[in-house]
Amino acid sequence: MKLCVVAVGQRVPDWAQTAWDDYAKRFPPELKLELRAVKTEPRSSKTLETLYAAERERIESQIPRGARVVVLDERGTTLSTQALAAKLREWQLGGDDVALVIGGPDGLQPAFRQAAHERIRLSDLTLPHAMVRVLLVEQLYRAWSINAGHPYHRE
């Protein structure tokens, strides 16, 4: 199974890239993790609808065919770490690749959000996009470690 994180925004601070790389290399071969960064649409004088449409097109081009689409959304379901571990187990048993989508500065197009298979929320706080990537990869690794009985997660 592959976890594909599709994130709007190509540039992140070095600390965020270092953290992502550190967690990404910890995943086992049977759970591949991939990051696909897509270009943020320039925010000049375009309408929000135009921005959403351009970013949606880029996002959809990076989602593996047949993947389960899970968007990160402030209105999504709140999951505990244990619940995320159960969700990861469910996804693995389902056998499909999973695309986890992080929107741009204005979020994701409402129709795209609604069409996703699932909507989850990482926090009640508003977080910078670079931090969201790091938090997501750490929590996915933690979820895997719980399911694998690995000592990374201690209760």
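Helices are DSSP runs of H or I with at least four residues, strands are DSSP runs of E with at least two, and both are numbered from the N terminus. The views below show a predicted model.

**View 1. Helix H5 and the glycine that follows it.** Helix H5 runs over residues 129–148, and its 20 residues reach 29 Å from the first C-alpha to the last, close to the 28 Å expected at 1.5 Å a residue. Because 14 of these 20 residues are buried, H5 is largely enclosed by the rest of the structure. After H5 comes Gly 149, which has a positive phi, near 70°.

**View 2. An aromatic cluster that includes Phe 27 and Tyr 141.** Five aromatic pairs are found when the whole structure is searched. In the pair formed by Phe 27 and Tyr 141, the ring centres are 5.8 Å apart and the planes stand at 70°, so this pair is edge-to-face. The pair links distant parts of the chain, since Phe 27 belongs to the loop between helix H1 (14–24) and strand E2 (32–38), whereas Tyr 141 lies 114 residues away in H5. Both Phe 27 and Tyr 141 are buried. Ring pairs join these two residues with Tyr 23, Trp 144 and Tyr 152 in a cluster. Arg 26 lies over the face of Tyr 141, at 5.5 Å from the ring centre.

**View 3. The largest nonpolar core, with Leu 3 among its most connected residues.** This core has 26 residues, and those with the most contacts inside it are Leu 3, Phe 27 and Leu 100. Two or more residues each come from strand E1 (2–8), H1, strand E3 (68–78), helix H3 (81–94), strand E4 (98–102) and H5, and the largest share, seven residues, is that of H5. Beyond its neighbours within four places in sequence, Leu 3 is in contact with several residues, including Phe 27, Leu 33, Leu 88, Trp 91, Leu 100 and Leu 140. A second, separate core has 14 residues, among them Val 6, Val 71, Val 101 and Ala 116. In soluble globular proteins, nonpolar side chains tend to be buried together.

**View 4. The buried and exposed sides of helix H1.** In H1, the residues Ala 16, Ala 19, Trp 20 and Tyr 23 are buried. They cover an arc of only 100° around the axis, which puts them on the same side of H1. The cover over the buried residues of H1 includes E1, E2 and H5. On the face turned away from this buried side, H1 carries the exposed residues Asp 14 and Thr 18. Thr 18 has a relative accessible area of 52% and counts as exposed, because the cut-off for that class is over 50%. From Thr 18 to Glu 60 the C-alpha distance is 26 Å in space, with their positions 42 residues apart in sequence.

**View 5. Helix H3, its buried side and its end.** The 14 residues of H3 should span 20 Å at 1.5 Å a residue, and the end C-alpha atoms are 20 Å apart, which agrees. Its buried residues are Leu 84, Ala 85, Lys 87, Leu 88 and Trp 91. These residues cover an arc of only 160° around the axis, which puts them on the same side of H3. Among the elements that cover them are E1, E3, E4, strand E5 (118–121) and H5. Just after H3, Gly 95 takes a positive phi of about 85°.

How values were computed:
Residues are numbered from 1 along each chain as its sequence is written. This is a predicted model: local features need pLDDT of at least 70, side-chain atom pairs count only at pLDDT 80 or more; totals for chains, interfaces and linings use all residues. Side-chain values use heavy atoms; hydrogens and water are left out. Rings of Phe, Tyr and Trp (its six-membered ring) pair if their centres lie within 6.5 Å; planes under 30 degrees apart count as stacked, over 60 as edge-to-face and the rest as tilted. Buried means under 20% relative accessible area, exposed over 50%, partly exposed in between (1.4 Å probe, protein chains only). A charge sits over a ring if NZ of Lys or CZ of Arg is within 6 Å of the ring centre and within 35 degrees of the ring normal. The expected span of a helix is 1.5 Å times one less than its number of residues. A nonpolar core is a set of buried Ala, Val, Leu, Ile, Met, Phe, Trp, Tyr and Cys residues joined through side-chain atoms within 4.5 Å. Contact means heavy atoms within 4.5 Å. The arc is that of the directions from the helix axis to the C-beta atoms.
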